[in-house]
2 protein chains.
Amino acid sequence: MPNLQDEIGKKQPFDLAEEEAYLNVRRTAATLESYFGRLFRKAGLSEATYNVLRILRAAGEDGRCWGEIRQDLVVPVPDVTRLIDRLEKSGHCERQRSVTDRRKVYIRITKKGLDVVNGLDEPVRNGLQGRLGHMAEADLRKLSALLERTRDQDN
Amino acid sequence: MPNLQDEIGKKQPFDLAEEEAYLNVRRTAATLESYFGRLFRKAGLSEATYNVLRILRAAGEDGRCWGEIRQDLVVPVPDVTRLIDRLEKSGHCERQRSVTDRRKVYIRITKKGLDVVNGLDEPVRNGLQGRLGHMAEADLRKLSALLERTRDQDN
DNA sequence: TCTATATACTTGTTTACACAGATGCCTAAC
DNA sequence: GTTAGGCATCTGTGTAAACAAGTATATAGA
């Protein structure tokens, strides 16, 4: 039963519910990121590159262009170009300039990239269930709903 | 009403409640991090250095040593040494080797550092209320409780 | 058609992160 | 008092993030 107040050795309870929520979000994210980051690294990926490969897998043969990938990313990344540079260099994806609009570059996943993401499906699913599966589905949905409300005030 | 499924252009709804929760946590954290990161950068700090300064402010005159700071950080940072190097270089804190145990290094906040953190109290509070204040306190506490449960299965 | 502006992406550069291994100091057993 | 082992912190090195500025292509108005 890790309570944040104890975890970080805080003396007084949180006065502001907003602050408590903020810190809990950040800490939980860091915990999950650390776990899945290790998992991805074993496969030679970072969380960001893994997510790009998932986007490319979903896009299929058509591929997806720079700006779309940038939009799709759950956690925004400022430097998508070099992230794709790395994936291309390691053979997980390939670039192809659009013929209709030569500014655009379409990116497709390769066989190698597909194999890597597919191979991660089961570990990821197991990881999710191992770390979050102890909670009832209703509580998880409730959590998601509250987090979405947290983002209502965007900018 | 930003729904994650729409935000990232996902076609099908999430099959796994765990995955939905995971992605929501990550995205919400990134959103908050981005907002407060900008706020801290205006004052010449990163989120990590700001948090260290808060820890040092709470420690007062006694200061706090490397390992304690590392423990206290809400979001773990592997390289606390150079983080403190930077804070020392910019004059926000100072090191002092312990006399009783010369392995330990106590770090104290300086006047300059104190001024910077104090000056951020109000903007941070405003930011928290601006971004999360639209939610009822009960919902925020509920959110915190659910997030803490998320971390029950640790490691 | 020529130019201005917007769009899509790339490159440069500085700074920070991440991991492994090294150093210096303390504690306690022999 | 000497040595073994552990602890607290630092350093080296490669990789990635962050921010700003640049290039090439397209679009739209005079």
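The two copies in this predicted model meet through the same surface, because 100% of the interface residues of chain B are also interface residues in chain A. The superposition fits this picture: a turn of 180° and a shift of 0.0 Å along the axis lay chain B on chain A with an RMSD of 0.1 Å. That is the relation of a two-fold axis.

Let's look at one place where the chains touch. Helix 2 of chain A (residues 17-42) packs against helix 6 of chain B (residues 111-132), with the axes 9 Å apart and an angle of about 80° between them. Helix 2 of chain A is therefore roughly perpendicular to helix 6 of chain B. On the chain A side, the residues taking part are Glu18(A), Glu19(A), Ala21(A) and Tyr22(A), and they meet Leu128(B), Gln129(B) and Leu132(B).

Now for the DNA. Around DNA strand C there are 18 residues, and the closest come from both chains: Cys65(A), Trp66(A), Gly67(A) and Arg103(A), together with Arg102(B). Three helices each supply at least two residues of the surface near this strand: helix 4 (66-72) and helix 5 (80-89) of chain A, and helix 5 (80-89) of chain B.

Here is how the two surfaces are made up by class:

| Surface | Nonpolar | Polar | Charged |
|---|---|---|---|
| Helix 2 of chain A with helix 6 of chain B | four residues | one residue | two residues |
| Near DNA strand C | seven residues | three residues | eight residues |

For your own look at the model, Trp66(A) and Arg102(B) are among the residues closest to DNA strand C, while Tyr22(A) is one of the helix 2 residues at the contact with helix 6 of chain B.

Conventions
Residues are numbered from 1 along each chain as its sequence is written. Chains are lettered from A and ligands numbered from 1 in the order in which they are written. This is a predicted model: local features need pLDDT of at least 70, side-chain atom pairs count only at pLDDT 80 or more; totals for chains, interfaces and linings use all residues. A residue is near a molecule or strand if its C-beta atom, placed from the backbone, lies within 6 Å of it. Helices (H or I, at least four residues) and strands (E, at least two) are DSSP runs, numbered from the N terminus. Ala, Val, Leu, Ile, Met, Phe, Trp, Tyr, Cys and Pro count as nonpolar, Asp, Glu, Lys and Arg as charged, and the others, Gly among them, as polar. Axes are lines fitted to C-alpha atoms, for helices over the stretch in contact, and angles run from 0 to 180 degrees between N-to-C directions. Angles under 35 degrees count as roughly parallel, over 145 as roughly antiparallel, 65 to 115 as roughly perpendicular and the rest as oblique. Two residues are in contact if their C-beta atoms, placed from the backbone, lie within 7 Å. Copies are superposed by least squares on the C-alpha atoms of residues with pLDDT of at least 70 in both.
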